[in-house]
Amino acid sequence: MFGSRRDGGEETVVCIACGDELPRSDAREYDKQGDRWTRHGKRFEHLCVDCHDDLCHQPRDELEDLATDVAQTVDDPSSEAFARAFQREAADRADADHDGR
Ligand SMILES: [Zn+2]
């Protein structure tokens, strides 16, 4: 509804990693899709600072593992679907790195 706010106008979100509820202003936005092809209807997940930092500590040279994981999520690993899924995942990790410092 227009004009409906919570008390104080502070919106809360839930961390997707640990399930904690926290003020949105304290949360980190996390786009688990990480793709630039689909923006319409996109919704962002949220992470608390602790979980966000944990993600950023993951090494980035795990692309082979990543490829293996992605291959299991698509019907035809040799198809363009795999390439897109892989790029999504890679961009996802890169984004986390940029945000995290
Ligand atoms: Zn968390």
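So, reading along the sequence, the order of elements goes β-β-β-β-α-α-α. That's 4 strands and 3 helices in the chain. Keep in mind that what you're looking at is a predicted model.

How sure is the predictor? Mean pLDDT for the chain comes out at 73, and 61% of the residues get to 70 or more. Going element by element, strand E2, residues 21–23, has the highest mean, at 93. At the other end is helix H2, residues 63–71, where the mean is the lowest of the elements, 74.

Okay, burial. What share of the chain is buried? Of the 101 residues, 11%. And the largest nonpolar core is made of 6 residues: Val-13, Cys-15, Ala-27, Tyr-30, Leu-47 and Cys-48. As background, nonpolar side chains in soluble globular proteins tend to be buried together.

Let's pick one member of that core, Val-13. Which residues does Val-13 touch, if we skip everything up to four places away in sequence? The list is Leu-22, Arg-24, Ala-27 and His-46. Ala-27 is another name from the core.

Arg-24 is worth a stop. You'll find Arg-24 in the loop between E2 and strand E3, which covers 28–30. Buried or exposed? Arg-24 is exposed, because just 11 C-beta neighbours fall inside 10 Å, and the cut-off for exposed is 12 or fewer. With the same skip of up to four places in sequence, Arg-24 touches Glu-11, Thr-12 and Val-13. There's also a distance to His-46 for anyone who likes numbers: 22 residues along the chain, with 8.2 Å between the C-alpha atoms.

Now over to the helices, starting with H1, residues 49–56, where His-52 sits. His-52 has 19 C-beta neighbours inside 10 Å, and buried takes 20 or more, so His-52 counts as partly exposed. From His-52 to Tyr-30 you go 22 residues in sequence, and 8.4 Å in space, C-alpha to C-alpha. Tyr-30, remember, is in that largest nonpolar core.

Leu-55 is in helix H1 too. Leu-55 is partly exposed because 18 other C-beta atoms lie within 10 Å. Its C-alpha is 8.3 Å from that of Arg-93, with the two positions 38 residues apart in sequence numbering.

Then there's helix H3, residues 80–100, which is where Asp-92 belongs. Asp-92 has 18 C-beta neighbours inside 10 Å, so Asp-92 is partly exposed. And here's Tyr-30 again: Asp-92 is 62 residues from Tyr-30 in sequence, yet the C-alpha atoms are 8.7 Å apart.

So Tyr-30 has a C-alpha partner in H1, namely His-52 at 8.4 Å, and one in H3, namely Asp-92 at 8.7 Å.

Last one, for the whole chain. If you take contacts between residues at least 6 apart in sequence, how many join residues at least 24 apart? That would be 47%. Okay, over to you.

How values were computed. Residues numbered from 1 in each chain as written. Predicted model: local features only at pLDDT ≥ 70, side-chain atom pairs only at ≥ 80, totals over all residues. Core = buried A, V, L, I, M, F, W, Y, C linked by C-beta atoms within 7 Å. Contact = placed C-beta atoms within 7 Å. Helix = DSSP H or I, 4+ residues; strand = E, 2+ residues; numbered from the N terminus. pLDDT = per-residue confidence, 0-100.
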